[in-house]
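Student: Could you take a close look at a single part of this model, namely the charged side chains and the way they are paired or left unpaired? I would value one connected account rather than a list.

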Amino acid sequence: TKFANATVVLTKQDLKIYKCRYSTRNIYHIYNPVDQKLIRNNNYLGNNKKIISVGRLCYQKNYPMLIKIAKEVLDKNEDWSWDIYGDGPDKQEIEMLIKYYDIEDRVVLKGQVNNLYEIYQKYDFLVMTSHYEGFGMVLLEALSNNLPLIAFDVECGPREVIVDNINGYLIKPFDVKKMIQSVDMLCKSGNLRRRFSFATLKKNELFDIDIVIEKWKKLFKNIN
């Protein structure tokens with residue numbers, strides 16, 4: 001960092017941390033762009049009654065807490081289900097928790113898939129319970145598919161994508177009660193889901209690939 005012409009970070013939180021930690025001014029923030037294959041028109045209906053979570057089955061993603069939340073939410077919403085996509089070292093532990101809570105027919109580990117971009121469209125909203133994130137590309141993928149989002153406000157990424165009560169809910173880290181309430185509210189209100197979905201269109205503009213490319217061009221020009 002000290003000898004580089006420029007250091008680029010992915011989030012505004014990262015930028016703040018770097019500026020506090022290092023005595024250098026050549027630190028910049030540029031988002032990752034949205035994959036254009038992900039973007040779809042706003043044809044969100046929000047009537048699938050299905051929740052999606054995506055990510056490696058490991059400590060970072062905090063799935064044991066997610067399963068506990070899923071149990072509480074699904075008990076209140078008997079016609080809903082919750083699918084988890086990803087694989088990893090904690091798979092057996094998560095399977096055991098699903099069995100312990102007796103929700104095997106409603107919380108399903110879907111494993112690793114090759115057509116995830118298409119799959120988002122089958123769901124009503126995405127929930128993330130991570131302990132921490134580097135950026136949270138899963139949130140960006142779901143946003144691009146117009147899905148409302150719910151996540152804990154951990155470093156460093158969810159607050160870059162989620163505007164609380166506008167396109168989803170940003171929850172104080174690990175407040176299980178509030179997370180359950182928020183997921184339950186989205187399950188129960190189709191109007192709320194559609195309002196949040198509509199708000200994703202404007203938020204997507206921040207991650208437009210043309211805008212991101214222009215920022216990189218400007219950076220290269222300034223450091224020459």
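Tutor: K188 is exposed, its relative accessible area being 52%, in what is a predicted model. Its salt-bridge partner is D184, and the closest N and O atoms of the two are 2.7 Å apart. D184, by contrast, counts as buried at 14% relative accessibility. The pair thus joins a buried acidic residue to an exposed lysine. Both residues belong to helix α7, which spans residues 176–188, and because they lie four residues apart there, about one helical turn separates them.

K188 also leads to a neighbouring charge, as it is among the residues touched by R193. R193 lies in helix α8, residues 190–204. Which side chain of opposite charge is nearest to R193, and how far away is it? It is D124, at 4.5 Å, and R193 is buried yet has no salt bridge. The separation explains the absence, because a salt bridge requires a side-chain nitrogen of Lys or Arg within 4 Å of a carboxyl oxygen of Asp or Glu. D124 is nonetheless one of the contacts of R193; leaving aside residues up to four places away in sequence, the others are Y44, G46, W80, F125, P148, L186, C187 and K188.

The structure holds six salt bridges in total, and two further examples join distant parts of the chain. In one of them, D79 pairs with K49, the closest N and O atoms being 2.5 Å apart. D79 sits in the loop between α2 (63–76) and β4 (81–85), whereas K49 sits in the loop between β2 (27–29) and β3 (50–54), the two being 30 residues apart. Each partner is partly exposed: D79 has a relative accessible area of 46%, and K49 has one of 34%.

In the other, K61 forms a salt bridge with E133, with 2.7 Å between the closest N and O atoms. Here the link runs from the loop between β3 and α2, where K61 is found, to the loop between β6 (125–128) and α5 (137–144), which holds E133, 72 residues apart. Both of these residues are buried, K61 with a relative accessible area of 12% and E133 with one of 8%.

Taken together, buried charges are treated in two ways here: K61 is buried and has E133 as its salt-bridge partner, while R193 is buried without any salt bridge.

How values were computed
Residues are numbered from 1 along each chain as its sequence is written. This is a predicted model: local features need pLDDT of at least 70, side-chain atom pairs count only at pLDDT 80 or more; totals for chains, interfaces and linings use all residues. Side-chain values use heavy atoms; hydrogens and water are left out. Buried means under 20% relative accessible area, exposed over 50%, partly exposed in between (1.4 Å probe, protein chains only). Lys and Arg count as positive and Asp and Glu as negative; His and the chain ends are not counted. Contact means heavy atoms within 4.5 Å.
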